[in-house]
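Thanks for coming. Please have the sequence and the structure open while I talk.

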Amino acid sequence: MNQYCALSVTKPVLCVGSLSMDLITLCDNLPEEGVDQTCSKVHWQRGGHSSIVSFVLSLLRAQSEFLGMLSRSELLNAIITEMQGRGIEMEHCPKTDEDPGFSTIMVAKKTGLRTVVHCNRNFPYCSFQDFQKLDLSIFGWVHFEARNVRETVQMMRAVADYNNDKKERILMSLRVSSCYRENRDLFDMADYVLFSRQLAMQLGWRSARETCHQLDADLRLPRSIKAHRPCFICSWGPLGAGCLTGAGVYHDMPPYIAKRVVDTHGAGACFTAAFIYATYIREMNLSDAVQFANRVAGHKITNYGYNHIAKLNIYPADVAKAEDVLSAHVSEDSEAEEVICRKFMNRPIVYSDGKHSTRLLGEYIPGSTALDDLLDECVDEDRDQRHEKSRLLASRSMLRTTTSHVWRMSGELRASKPKRA
């Protein structure tokens, strides 16, 4: 199957995590301690890593579902309504009467740098019991946040148990941004581990390459034992990103240089969503998917919020390599599949008012000719319609030929007629 047909057959992505609110404060410069300063603009927007990932996936035209604790507070109504309007499923989310967690983000307009102050007040996290209510067979990818290890490890084990006897495995990704020692036991169960640059720097790791190799060395099983090993991905902001495959091959990806830096808040979640989209929906290899995620994250920081990501021209020019779409490298079957898929997705819907379907819903009885008669009648109708269409086309062709002949004859008569003296 080629990449153009992926959207029509892939299962949704499930994002498990948190939904909160972010108070964005725009300032000319970040405030200094003990100094009064006036901001230029303040606005609310969605927060929570997994909620942003699911929203950005919807902007990239991928199906997604969000599972996380929702507050019944009216403050979240606009955010929830917008997510549901983008087609994000949220019907399985548990709810609480507690006020949602929020973060205050101060953004410097001149540099795009930010300072974040979190205030979660121990807001409840979705439990394993909530996760058990889901039908895992409808998902193709599950993304987790490395939080609340006791509940998250049970969820990941449930997905691993589901994959044991299945040909089509559910892929798992894990975002790690805090509490490295506590969350280290989750790494082995994931297919992809996306590690935070800020956390890596706190641990004393100075580059994406060093981070990926340190994470691989810290796995419980040594590489000499042939066992499942996750791929490690680490974005290093303006210096690019790095990734390490399960086989131990490292790739260093150059950065995508944005024309301007306006808002860097949420770039990590956009990187994660774009990586999932490229790997799962577009079936790119690891290095190409990381490069694609770099580009989307680089585009995100050029404006405030996330809606401008939907304006990216990523279908199909930025998805496939140039050499993958040249006619010399594409078989006729692949070209036909691409055309058929686009035609199928854009086809007009023609209703028959049940004329054909209801006539073929009768029970088939061996030895009975009732159903056969109905089928023959439908075939005869189709044959008569084709004959009528052919007759009309032949009549039109004959009419055009006759008209052309008459005009030609009249022209010859006018040419041979002598002029009057």
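Start with strand 9, residues 141-145, and strand 10, residues 171-176: they pair in the parallel sense over 5 bridges. One pair to find on your screen is E145, whose bridge partner in strand 10 is R175. Before going on, note that this is a predicted model.

Now widen the view to the sheet around that pair. Strands 9 and 10 belong to an open sheet of 8 strands, in the order 4-1-9-10-11-12-13-14, with mixed pairing. Which strands stand at the edges? They are strand 4, at 64-67, and strand 14, at 250-253; each has a single partner strand, so one side of each has no neighbour in the sheet. From one strand to the next, the twist averages 15°. For those new to sheets, strands pair through backbone hydrogen bonds, in either a parallel or an antiparallel way.

The antiparallel case can be seen at one end of the order. Strand 13, residues 241-244, and strand 14 run antiparallel and are joined by 4 bridges. Here G242 has D252 in strand 14 as its bridge partner. The two strands form a hairpin with 5 residues between them. In the turn, G248 has a positive phi of about 90°.

Next, the other sheet. Four strands form an open sheet in the order 3-2-7-8, and again the pairing is mixed. Strand 3, at 41-47, and strand 8, at 114-119, stand at its edges with a single partner strand each, so one side of each is left without a neighbour in the sheet. Neighbouring strands in this sheet are turned by 20° against each other on average, ignoring direction. Within the sheet, strand 7, residues 102-108, runs antiparallel to strand 8, and 6 bridges join them. To find the place, look for T104, which stands opposite V117 in strand 8.

A helix goes with this sheet. Helix 2, residues 77-85, lies across strand 2, at 20-27, and strand 3. The helix runs at about 55° to strand 3.

That brings me to helix 1. Are the residues of helix 1 buried or exposed? Helix 1 is mostly covered, with 11 of its 11 residues buried. The buried residues include H49 and S50 at the start of the list, and S58 and L59 at the end. Just after helix 1, R61 takes a positive phi of about 70°.

Which residues of helix 8 does helix 1 meet? From helix 1, H49, I52, V53, V56 and L57 meet A269, C270, T272, A273, I276 and Y277 in helix 8. By class, this contact has 9 nonpolar, 2 polar and no charged residues. As background, an α-helix has 3.6 residues a turn, so residues three or four places apart point the same way. That is worth keeping in mind when you read the list.

As for the geometry, the axes of helix 1, residues 49-59, and helix 8, residues 267-281, come within 8 Å and cross at roughly 50°. The two helices are therefore oblique to each other. Their crossing is right-handed.

Last, the whole protein. There are 11 helices and 14 strands. Of the 421 residues, 42% are buried. Among contacts with a separation of 6 or more, 67% are between residues 24 or more positions apart.

That is the end of my part.

Definitions and conventions:
Residues are numbered from 1 along each chain as its sequence is written. This is a predicted model: local features need pLDDT of at least 70, side-chain atom pairs count only at pLDDT 80 or more; totals for chains, interfaces and linings use all residues. Side-chain values use heavy atoms; hydrogens and water are left out. Two strands pair if DSSP finds at least two bridges between them. Axes are lines fitted to C-alpha atoms, for helices over the stretch in contact, and angles run from 0 to 180 degrees between N-to-C directions. Angles under 35 degrees count as roughly parallel, over 145 as roughly antiparallel, 65 to 115 as roughly perpendicular and the rest as oblique. A crossing is left-handed if the near helix is turned anticlockwise from the far one by less than a right angle, and right-handed if clockwise. Contact means heavy atoms within 4.5 Å. Ala, Val, Leu, Ile, Met, Phe, Trp, Tyr, Cys and Pro count as nonpolar, Asp, Glu, Lys and Arg as charged, and the others, Gly among them, as polar. Buried means under 20% relative accessible area, exposed over 50%, partly exposed in between (1.4 Å probe, protein chains only).
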